[in-house]
Protein chains: 2
Amino acid sequence: MALTNASEPKKPQPQPQLLLGTFIHSKSRTELEYIHNAAVAVDDGGVIVAIARDSESVDAAKDDVLRQTGWTGSDVNVVACGEGQFFFPGFIDTHVHASQYPNVGIFGKSTLLDWLATYTFPLEASLTDLAKARKVYTACVRRTLSHGTTTATYYATVDVPATNLLADLCLSLGQRAFVGRVCMDRKELCPPYYRDESPEEALVRTRESIAHIKQINPGYELISPILTPRFAPACSSDALKGLSAIQREEDLPVQTHISENKNEIRLVAELYPDSASYTHVYDDHGLLTPKTVLAHAVHTTEEEARLISQRGSKVSHCPCSNSSLTSGEARVRWLWERGIEIGLGTDMSGGYSPSILEAARQATLTSRHLAMQMEEGALKESTKLTVEEALYLATRGGAQCVGLGDKLGGFEVGKQLDAQLIGLALVQEDGLRAGEGDDGVMDAGNVDVFGWETWEERIAKWLYNGDDRNTKKVWVKGRLVHARP
Amino acid sequence: MALTNASEPKKPQPQPQLLLGTFIHSKSRTELEYIHNAAVAVDDGGVIVAIARDSESVDAAKDDVLRQTGWTGSDVNVVACGEGQFFFPGFIDTHVHASQYPNVGIFGKSTLLDWLATYTFPLEASLTDLAKARKVYTACVRRTLSHGTTTATYYATVDVPATNLLADLCLSLGQRAFVGRVCMDRKELCPPYYRDESPEEALVRTRESIAHIKQINPGYELISPILTPRFAPACSSDALKGLSAIQREEDLPVQTHISENKNEIRLVAELYPDSASYTHVYDDHGLLTPKTVLAHAVHTTEEEARLISQRGSKVSHCPCSNSSLTSGEARVRWLWERGIEIGLGTDMSGGYSPSILEAARQATLTSRHLAMQMEEGALKESTKLTVEEALYLATRGGAQCVGLGDKLGGFEVGKQLDAQLIGLALVQEDGLRAGEGDDGVMDAGNVDVFGWETWEERIAKWLYNGDDRNTKKVWVKGRLVHARP
């Protein structure tokens with residue numbers, strides 16, 4: 001498929017579509033559902049309108065949904081799974097700094113606060129150069145789309161024009177996105193070259209960014225603004241209060257960071273002596289809402305978890321970042337048990353990878369590092385996340401986290417088609433793979449299926465060795481936004 | 001380049017070669033050396049015979065080595081770095097079970113002992129089917145070569161014909177390898193369907209495997225046998241003693257596992273009540289030699305580390321495996337401080353990835369998980385491994401570990417050319433990459449270089465987001481054994 005340049009918006013694809021083959025999605029946190037011989041009908045607005053499942057054959061499933069929809073075969077676009085392929089819900093990246101994309105992998109031995117000053121603020125500040133911002137944001141959106149990220153919850157920068165550009169690019173390239181202009185006005189932490197000069201300026205710029213998105217995407221069907229106080233230590237109390245007022249006025253989502261690093265937590269306690277905890281800082285300022293995504297929550301206490309749960313706020317788990325910056329190991333099971341919904345975040349460039357599949361993989365490994373510190377027993381066992389749980393976090397968990405649980409995350413009638421077509425390579429009898437050999441083509445990826453694996457084993461192989469090469473096609477709201485040969 | 005079928009041995013390339021451009025390798029554990037405008041002359045035996053470095057230009061460097069060697073431009077094969085490319089030493093995988101390759105990523109929530117019984121023994125046993133073994137081993141050798149693994153230290157299986165086949169395939173496909181027939185004769189641990197029936201049988205089969213390699217590769221120039229007691233709990237005391245006798249007689253390397261898992265350590269203490277520790281079991285049986293590679297060493301005590309160091313034995317660090325199977329976090333810095341040389345192992349399929357670059361990445365992350373448990377201070381800081389240290393482990397450390405430190409691991413006169421050509425993609429001004437766009441080609445990999453990065457930053461990006469797509473060409477002993485477009 002031709003991938004158009006960001007500057008030329010793609011034509012919509014108003015045709016109804018039929019997807020045929022195997023569909024896999026989370027049935028619950030602990031279970032994946034494998035739906036074979038299935039057909040999914042998607043209308044020209046990108047909404048799933050009919051499903052036939054577990055039919056006698058793919059053809060029978062196709063006939064079934066054509067009957068259900070009254071469509072004829074000729075007026076629909078048909079996409080059928082090839083050998084070893086399946087449809088999977090699109091990934092949801094619940095925490096990612098688009099503006100830091102060029103720094104992925106560059107963090108040295110730093111931890112949060114010195115990492116911000118050394119690597120992060122200078123890069124973010126430089127994106128007032130809109131040519132540079134276009135280069136960085138285009139690369140980021142295209143790269144995450146190629147990894148199957150159909151929804152991304154972005155931090156942009158302080159700068160309004162660059163933030164608006166990110167929103168434009170997401171709309172044009174077709175990625176569902178929450179785009180946040182970063183609020184940071186506290187002079188103790190934010191450098192003179194990169195901050196809002198006052199709470200008032202922070203709020204005015206925030207409203208400018210909201211107005212832009214309203215204009216380019218009325219109703220926020222694909223792109224939504226998100227209120228983005230960088231994190232408590234970067235914001236004045238007045239800025240936080242003002243954002244809360246905008247939140248109530250506009251009913252917008254909120255994103256911020258929480259309890260990522262112990263020094264950060266100490267700093268918050270110093271800066272907000274009247275609040276009982278880091279979580280209470282946000283709650284005291286009216287920002288702990290059911291539409292709030294809190295990134296990290298590594299060192300959250302029992303009392304804080306209870307408060308987050310009571311308020312219905314969500315957590316974005318960012319294992320790649322938390323390991324890279326030596327922040328700690330967030331306790332996913334522990335947060336779940338306290339009633340908190342969780343999604344995954346790449347947190348580029350604290351996290352090194354653009355891939356939510358990598359985040360899911362690292363979520364399982366990080367849970368095992370947590371388990372290593374425990375005595376043998378039920379708690380140690382339950383701390384480890386399974387393949388199924390990691391992929392739940394990447395899809396339905398993420399959808400819940402960003403408030404789109406009713407629209408995204410699985411294949412059900414009424415949901416929108418945000419999905420990917422996954423293909424795994426089959427090893428032939430000679431040990432080579434189809435298309436591999438004398439022509440040197442090796443780009444079927446790293447997952448080698450030998451043919452005797454169960455579907456559960458294939459999914460495990462994909463989780464642990466899969467990459468963007470396995471993501472053959474990506475749809476957002478029914479529109480094909482990425483494809484590879 | 002045409003990649004030939006495993007059944008058709010490749011033609012050797014007896015022509016001298018000139019490599020031109022940028023060369024990067026470890027100068028020490030803590031430092032990478034960046035050699036620009038350089039030329040490396042490799043004779044038709046695959047040995048580096050002249051180097052010109054930091055010249056005024058690549059052409060000047062080329063002229064310099066032609067003068068040094070007396071070669072004319074016409075009788076050599078020239079390989080020049082393209083834009084953004086550099087030469088790097090080949091990776092050394094110091095611990096990998098070729099026979100488990102089809103199980104990568106499949107481990108559920110298991111830990112070592114139940115993982116062996118559930119997933120591992122049945123697969124290994126099934127490779128007496130030589131057609132299946134050929135399929136599995138071909139895929140494994142080709143996949144690891146494509147990731148830049150120029151030397152692999154393999155466990156095969158108990159079966160002699162299948163082990164011999166692995167040796168044949170490594171020779172034919174051009175991968176330098178240590179190939180070990182697995183000795184396991186202890187009935188308490190080894191299932192009836194998969195074991196040596198007696199110590200005598202274990203030793204006879206071991207000698208058969210050695211004889212085969214002697215025949216196909218006299219002098220062990222590319223393929224060497226390696227004595228492979230699976231691990232102490234799988235072997236009888238008599239088998240261990242017999243292997244020690246063969247070791248002294250043939251002066252062969254040894255590989256085994258040590259202190260991977262706490263239950264395993266308890267089991268060893270029960271089975272070998274007369275030995276003071278797990279390490280002492282090997283020492284008491286004469287197997288703790290300077291040519292011994294001990295995989296894992298996660299829970300090794302101070303006293304055991306001292307003994308390993310005294311004997312000059314080496315450790316293979318397998319972070320992917322140790323995290324996946326919840327085994328623990330091996331202390332690389334701690335082992336180094338005790339004078340032990342360390343390499344990296346993928347440990348497929350306890351480890352999920354065929355890539356030593358992934359092992360290096362996980363080595364840095366695992367070291368950070370270790371550091372998370374420490375109080376702030378110098379020890380916490382030093383526990384974290386740097387990019388440079390991880391890449392040392394992957395190359396020079398690995399070479400030391402397998403006893404080839406004088407032959408491999410860097411670009412020096414007298415060393416053999418086991419190397420890879422690495423290419424990183426440059427993001428263009430429009431946010432796309434060369435070759436990417438309307439034709440849908442996205443296979444330049446995941447490393448996006450924006451152009452302003454230092455060389456150190458490019459290497460960090462490669463470590464954290466690189467994969468086999470960045471490994472453009474691979475040479476072993478001067479022979480081109482893998483290439484991609």
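**Two chains and their contacts**

Visitor: Why is the pair A:Asp467 and B:Arg469 called a salt bridge?

Guide: A salt bridge is a side-chain nitrogen of Lys or Arg within 4 Å of a carboxyl oxygen of Asp or Glu. The side chains of A:Asp467 and B:Arg469 meet at 3.8 Å, N to O, so the pair fits that definition. The count between chain A and chain B is eight salt bridges.

Visitor: What kind of model is this, and how is it labelled?

Guide: The model is predicted: local features need pLDDT of at least 70, side-chain atom pairs count only at pLDDT 80 or more, and totals for chains, interfaces and linings use all residues. Residues are numbered from 1 along each chain as its sequence is written, chains are lettered from A and ligands numbered from 1 in the order in which they are written, and side-chain values use heavy atoms, with hydrogens and water left out.

Visitor: How many residues of chain A and chain B are in contact?

Guide: Contact means heavy atoms within 4.5 Å. By that rule, 81 residues of chain A are in contact with 82 residues of chain B.

Visitor: What is the area buried between chain A and chain B?

Guide: Buried area is the accessible area (1.4 Å probe) that two parts lose on being put together, summed over both. Here the figure is about 6,800 Å², and carbon and sulfur atoms give 53% of that.

Visitor: What makes the relation of the chains that of a two-fold axis?

Guide: Chain A can be laid on chain B by a turn of 180° and a shift of 0.0 Å along the axis, with an RMSD of 0.0 Å. Copies are superposed by least squares on the C-alpha atoms of residues with pLDDT of at least 70 in both. Therefore the relation is that of a two-fold axis. The same surface serves both copies, as 100% of the contact residues of chain A recur in chain B.

Visitor: Why is A:His296 called buried?

Guide: Buried means under 20% relative accessible area, exposed over 50%, and partly exposed in between (1.4 Å probe, protein chains only). A:His296 has 0%, so it counts as buried. Among the residues that A:His296 touches are A:His95, A:His257 and A:Asp347.

Visitor: Is B:Val254 buried or exposed?

Guide: B:Val254 has 1% relative accessibility, so it is buried. Its contacts beyond four places in sequence include B:Ile226, B:Leu227 and B:Pro229.
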